[in-house]
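Take a moment to turn the structure around before reading on. We'll walk through it one piece at a time.

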Amino acid sequence: ECLPMLEETAFDYIVDCIDSLQPKLHLMHAALKTKTPIISSMGAGGKTDPFQVKVADISESDTDPFAKFIRKRLRKQFGIKSGVACIFSGETPDRNAIKVT
């Protein structure tokens with residue numbers, strides 16, 4: 001749980017690059033609750049055009065499948081619809097560009 005740490009320590013900004021769903025959601029929730037500015041990275045899989053990278057509110061990340069899933073879970077778990085800055089690609093993922101490792 002991130003909330004106690006954010007309540008005890010004053011951070012200027014949070015940069016989130018977490019790939020695991022629940023820790024990412026809890027960090028976003030804690031940041032909003034403590035009014036700590038946050039920017040969160042979304043999915044990059046299958047995207048190859050660096051000119052499509054955008055920074056916007058998560059509510060505007062309509063082409064990113066990972067961001068869509070995050071938006072849905074933020075609404076369901078915490079009632080959050082916006083307020084999280086995120087970095088994402090406006091590019092539609094190319095399934096052929098994804099390599100399974």
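Are Lys 24 and Asp 16 buried or exposed? Keep in mind as you look that this is a predicted model. The answer is that both of these residues are buried. They aren't just sitting there side by side, either: their side chains meet in a salt bridge, with 2.9 Å from N to O. As a bit of background, side chains of opposite charge can pair when their charged atoms come close.

How many salt bridges does the structure hold? It holds two, so let's visit the other one, because the structure's count of two leaves one to find. Here Asp 64 pairs with Lys 47, and their closest N and O atoms are 3.0 Å apart. Asp 64 belongs to the loop between strand 3 and helix 3, while Lys 47 belongs to the loop between strand 2 and strand 3, so the pair ties together parts that are 17 residues apart in sequence. Asp 64 counts as buried because its relative accessibility is 1%, under the 20% cut-off for that word. Lys 47 is buried too, at 16%.

Now go back to Lys 24 and Asp 16, and look for Ser 40, which touches both of them. Ser 40 is part of strand 2, which covers residues 38-41. Its relative accessible area is 0%, so it is buried. Setting aside residues up to four places away in sequence, Ser 40 also touches Met 28, Val 84, Ala 85, Cys 86 and Ile 87.

Lys 24 turns up again around Phe 66, a residue of helix 3. Beyond its neighbours within four places in sequence, Phe 66 is in contact with Asp 19, Lys 24, Ser 41, Met 42 and Gly 43. Is Phe 66 buried, then, or exposed? It falls in between: at 24% relative accessibility, Phe 66 counts as partly exposed.

From Phe 66, hop across to Ala 44. The two are 22 residues apart in sequence, and their C-alpha atoms are 8.8 Å apart in space. Ala 44 is in the loop between strand 2 and strand 3, and it counts as exposed because its relative accessibility is 57%. Ala 44 also leads us on to Ile 87: 43 residues separate them along the chain, and 9.8 Å separates their C-alpha atoms.

Which residues make a nonpolar surface patch with Ile 87? They are Val 53 and Val 55, and the patch is about 250 Å². Val 55 lies in strand 3, residues 53-57, and it is exposed, with a relative accessible area of 59%.

The surface has a patch of another kind as well. Lys 68, Lys 72, Arg 75, Lys 76 and Lys 81 gather in a patch of positive charge. One of them, Arg 75, is found in helix 3, which runs over residues 65-78. Arg 75 counts as partly exposed because its relative accessibility is 42%.

One last stop: Lys 35, in the loop between helix 2 (21-33) and strand 2. With a relative accessible area of 74%, Lys 35 is exposed. What is there to notice about its backbone? The phi of Lys 35 is near 60 degrees, a positive value in a residue other than glycine. For comparison, most residues other than glycine have a negative phi.

Methods. Residues are numbered from 1 along each chain as its sequence is written. This is a predicted model: local features need pLDDT of at least 70, side-chain atom pairs count only at pLDDT 80 or more; totals for chains, interfaces and linings use all residues. Side-chain values use heavy atoms; hydrogens and water are left out. Patches are made of residues with over 30% relative accessible area and no salt bridge: like charges are joined within 9 Å, nonpolar side chains (Val, Leu, Ile, Met, Phe, Trp, Tyr) within 5 Å. Accessible areas come from the Shrake-Rupley method with a 1.4 Å probe; for residues, only the protein chains shown count as cover. A salt bridge is a side-chain nitrogen of Lys or Arg within 4 Å of a carboxyl oxygen of Asp or Glu. Lys and Arg count as positive and Asp and Glu as negative; His and the chain ends are not counted. The place of a charge is taken as NZ of Lys, CZ of Arg, CG of Asp or CD of Glu. Helices (H or I, at least four residues) and strands (E, at least two) are DSSP runs, numbered from the N terminus. Buried means under 20% relative accessible area, exposed over 50%, partly exposed in between (1.4 Å probe, protein chains only). Contact means heavy atoms within 4.5 Å.
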